[in-house]
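Subject: Structure to look through

Hello,

I am passing on a structure for you to look at, and below it you will find my notes on what turned up when I went through it. Please keep the structure open while you read.

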Amino acid sequence: MEALTWFALSALAIGAPFLYPRWSLRRALSRPLRPEQLTLLARGLPIYARMAPALQQQLQRLVVQFLHQKKFVGCAGLEITEEMRLSIAAQACLLLLNRPSKVYPALHTILVYPGAFVAVRPEVGPGGVVSHAEQGMLGESWSDGRVVLSWDDVQRGAADWNDGHNVVLHEFAHQLDSESGANNGAPYLGSRESYLSWSAVLSRDYANLRHDAWYGRHDSVMDHYGATSPAEFFAVATETFFEKPWQMAERHAALYGELQKYYRVDPREWLAPPAPPPAAEAMPVLTPPGGRSYAWANW
């Protein structure tokens, strides 16, 4: 009898670290968001009200899991509020709808600053001398399971859902990108055919955005920051897909199609088409001086 008791207790001690998280998550998911939490969620995600009820329910469940599994830390004296947690969680989970994926499994902490924060970056100067320069940041996504956000810019992104700029969508797109094993603009897609199509389309549009950025063209749908690297292109394209879907679908139809296959939603269902722009003179066709050309990105 004592041997059986000892065996049972040993088995319980070994299995508890594996069983408790599952039990705890099921318990959390059994408790729906309260009415006041739903009000904060809708305030932090303006397109929520235009979603189909099934998607709203799905998003609520993802948000509950996100809040249960992730830790929020206020920085520079900021006190984390329920509004901050729900706004960030709702925008981050928007990227997970209809996708059979876990809720950012590598992420464990979200650090929130009151506003733009300063990050120190190493710089290599002449002769290989390494120095450190300060850089103002709105957000960062780290490979060690942390995301850093400016609350002012989280609010700004939620207040204007049509400008193509959203720090939460941007940084959590980086989190999805890294799930493939590298932050290179190619998230986990599931099949060789998907990667081939993704690479062809995104490489071409990335090269075109680099061209626009080089010549200072201001009629691009996507922010020129996306020309920095393939990883930043994917993050900027994600912002544009969710905030300027009509413009992207018109100007970058193939890119919109790739993102729609990946994210499995069509944000045009949640946003009215933009008003047609006023008539303007045709933009001159710009050609590279001296026949300069750009190499395509290596995905």
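A good place to begin is Ser-141, whose bridge partner in strand E6 is Val-147. That pair belongs to a hairpin in which strand E5 (residues 139-141) and E6 run antiparallel and are joined by three bridges, where two strands are said to pair if DSSP finds at least two bridges between them. The names come from DSSP runs numbered from the N terminus, with helices (H or I) needing at least four residues and strands (E) at least two. Four residues lie between the two strands of this hairpin, and Gly-145 there has a positive phi near 95°.

Before going further, please note that this is a predicted model, in which local features need pLDDT of at least 70 and side-chain atom pairs count only at pLDDT 80 or more, while totals for chains, interfaces and linings use all residues. Residues are numbered from 1 along each chain as its sequence is written, and side-chain values use heavy atoms, with hydrogens and water left out.

The predictor's confidence in each residue is given as pLDDT, on a scale from 0 to 100, and for the protein chain its mean is 84, with 79% of the residues reaching 70 or more. Residues 8-13 have a pLDDT below 50, and this stretch has zero contacts in the model beyond near neighbours in sequence, a contact being heavy atoms within 4.5 Å. Residues 282-299 also have a pLDDT below 50, but this stretch has 32 contacts beyond near neighbours in sequence. Where pLDDT is low, the predicted coordinates should not be read in detail.

As for the overall make-up, the protein chain holds 10 helices and six strands. Of its 299 residues, 43% count as buried, a word that stands for under 20% relative accessible area, whereas exposed stands for over 50% and partly exposed for what lies in between (1.4 Å probe, protein chains only). If we take the contacts between residues at least 6 apart in sequence, 66% of them join residues at least 24 apart.

Which strands pair with E2? Strand E1 (residues 71-74) runs parallel to E2 and is joined to it by four bridges, with Phe-72 standing opposite Ile-110 of E2. E6 (residues 146-150) also runs parallel to E2, through five bridges, and here Ile-110 has Val-147 as its bridge partner, while Tyr-113 has Ser-150. Val-147 is therefore a residue to look at twice, because you have already met it as the partner of Ser-141, and the strands around it are mostly covered: four of the five residues of E2 (residues 109-113) are buried, and four of the five in E6 are buried too.E1, helix H4 (residues 82-93) and E2 together make a left-handed β-α-β unit; a crossover is called right-handed if, with the strands pointing away from the viewer, the path from the first strand over the helix to the second runs clockwise.

Two loops around this unit hold residues other than glycine with a positive phi. In the loop between E1 and H4 you will find Ala-76, whose phi is near 55°, and at 63% relative accessibility Ala-76 counts as exposed. In the loop between H4 and E2 sits Asn-98, with a phi near 65°, and Asn-98 is partly exposed, at a relative accessible area of 35%.

The cysteines deserve a short word as well. Cys-75 is buried at 11% relative accessibility, and Cys-93 is buried at 0%. A disulfide is a covalent bond between the sulfur atoms of two cysteines. With a disulfide taken as a pair of cysteine sulfur atoms within 2.5 Å, the count in this model is zero.

Finally, the aromatic residues. Rings of Phe, Tyr and Trp (its six-membered ring) pair if their centres lie within 6.5 Å, and planes under 30 degrees apart count as stacked, over 60 as edge-to-face and the rest as tilted; by this rule there are 13 aromatic pairs. One of them joins Phe-242 and Tyr-263, which are edge-to-face at 5.1 Å centre to centre and 65° between the planes. Because Phe-242 lies in helix H8 (residues 230-243) and Tyr-263 in helix H10 (residues 253-263), this pair ties together parts that are 21 residues apart in sequence. Phe-242 is buried, at 0% relative accessibility, and Tyr-263 is buried as well, with a relative accessible area of 1%. Both residues belong to one aromatic cluster, which is formed by Trp-198, Phe-234, Phe-241, Phe-242, Tyr-256, Tyr-262 and Tyr-263.

Best wishes
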